[in-house]
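Hello,

Here is the structure you asked to take over. Please open it first, then read the notes below it.

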Amino acid sequence: MNCLAKRVGFALIAAAVLAAFAFAPVPAGLDRPGMLALGLTLFNITLWMGNVVPKPIAGLLVMILLPVLGVTASLGATIKDFISSVFFFLLAAFAIAAMVRNSDLPQRLMGLLLRWFKGSSRLIVLAYMLASAIISTVMSDLAACALFAAVVLAVFENPDLGLRFDKRFMKCVMIGVPIGSLAGGIATPIGSSSNFTMLELLFQTNGMEVSFFQWMVVGVPIAVISVLAGWAALCITFRPAPLTCEEMDALRSACGHLGPLTAKEGKTIALVTAMFVLWILTSYLPGLDSTMVAMIGMVVMFVPAMDLLTWDEYSREVPWDLVIMLGCLMALASALLSTGAIDWVANSLLG
């Protein structure tokens, strides 16, 4: 009952906020549609804060209210802003994440780094951070973090091994994996759904086009510095103890014994590599853009000769609520731009 009362209370607050923007005097430099666009933005945020309805439903409600209140010309025009290049890029990005998750490539990468960084507990922490960062460049931060955390916990919490890892070492790994995942998401536009959304908003608001390669020129160094800085901070703070031979063998066995590279994994590596090359070439080849490359790659995954992904596997990976919510936000952002509300806010704050 308290939860219901809270939701009703936030619904009333949201309605009051929207009514205030609908009937309040319009300030200089802004018109009524722009005022209503700002009101709908706060209305949407209030619905989210109170969990009045699911976030995608709140976004759809705002899309309906945009033409009803006269902010946009029609619902059809609003829907055109919803179905932007971000929508299709996200669909393809989640397909890449599903393809990588369904393979043993993350475990193979982790096993390779463990073999390179053998003997030192601090280097093992760095290996886990680097592996999660590299995988996070092609899938969401949260998915990469969950993937590697599960691999680590399978060893740390396995009573059959009879091992008691140093608590300082376990803290370093369990904190380092999310740090690495977050840092890797900065490296490429597909590392996080917010990255490509930001690129689209930059283009809509300022006409600024940032290519895939241009993003990586800045993002990769930031990601590397973030991983190394986080690793250094963890090692200085917790000072993990050296690992025993039995502990090292347990960590390696969790990512080893996978056998030779399978044909499916080879095709996955080839496809991801080809997509990265094409994304970089979008800076130099007219007519080729990042969304087109992502969509082509997604289609190739389902081609009979490839069979890298099934539709059921893909459907389970896609967070449709996030896709719908981001589409609604793009429609609202377009309304804020077209009515001049964004310029008014910027001039009011910075003028």
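Start at valine 86, which sits in helix H5. Please keep in mind that this is a predicted model. Valine 86 has a relative accessibility of 2%. The cut-off for buried is under 20%, so valine 86 counts as buried. Leaving out residues up to four places away in sequence, valine 86 touches Phe196, Thr197, Glu200 and Met330. Leucine 201 is 115 residues away from valine 86 in sequence. In space, their C-alpha atoms are 9.7 Å apart.

Now step back to serine 84. It lies in the loop between helix H4 (75–82) and H5. Is serine 84 buried or exposed? It is buried, because its relative accessible area is 10% and the limit is under 20%. Which residues does serine 84 touch, not counting those up to four places away in sequence? They are Glu200 and Met330. Both names also appear in the list for valine 86. Valine 217 is another matter. It is 133 residues from serine 84 along the chain, and the two C-alpha atoms are separated by 25 Å.

A second serine is worth a look. Serine 192 is in the loop between helix H9 (167–187) and H10. Its relative accessibility is 18%, so serine 192 counts as buried. Serine 192 touches Asp141 and Gly185, again not counting residues up to four places away in sequence.

Next, the backbone. Most residues other than glycine have a negative phi. Two residues here go the other way. Asparagine 51 has a positive phi, near 50 degrees. It lies in the loop between helix H2 (32–50) and helix H3 (55–68). Aspartate 307 also has a positive phi, near 50 degrees. Its place is in the loop between H14 and helix H15 (311–317). How does accessibility look for the pair? Asparagine 51 is partly exposed, with a relative accessible area of 44%. Aspartate 307 is partly exposed too, at 48%. Partly exposed covers the range between buried, under 20%, and exposed, over 50%.

On to the largest pocket. Its volume is about 440 Å³. The lining is made of 18 residues, and those closest to the centre are Glu209, Val210, Ser211, Asp289 and Ser290. Which elements give two or more residues to this lining? They are helix H5 (85–101), helix H10 (193–206), helix H11 (212–238) and helix H14 (290–302). H10 supplies the largest share, four residues.

Last, the chain as a whole. Its secondary structure comes to 17 helices and zero strands. The C-alpha atoms fill a box of roughly 75 × 50 × 40 Å along the principal axes. There are 351 residues, and 46% of them are buried. Take the contacts with a separation of 6 or more: residues 24 or more positions apart account for 74% of those. The exposed area is about 17,200 Å², and carbon and sulfur atoms supply 70% of it. The chain has 19 positive and 20 negative charges, and the mean positions of the two sets are 9 Å apart.

Best wishes

Key. Residues numbered from 1 in each chain as written. Predicted model: local features only at pLDDT ≥ 70, side-chain atom pairs only at ≥ 80, totals over all residues. Heavy atoms only, no water. Buried < 20%, exposed > 50% of the residue type's maximum accessible area, 1.4 Å probe, protein only. Contact = heavy atoms within 4.5 Å. Areas by Shrake-Rupley, 256 points an atom, 1.4 Å probe, with all protein chains shown as cover. Lys, Arg positive; Asp, Glu negative; His and termini not counted. Charge placed at Lys NZ, Arg CZ, Asp CG, Glu CD. 1 Å grid on protein atoms, 1.4 Å probe; cavity = no way out; pocket = protein on both sides within 12 Å on 5 of 7 lines; lining within 4 Å. Points joined across faces, edges and corners; volume = space filled by probe spheres on them.
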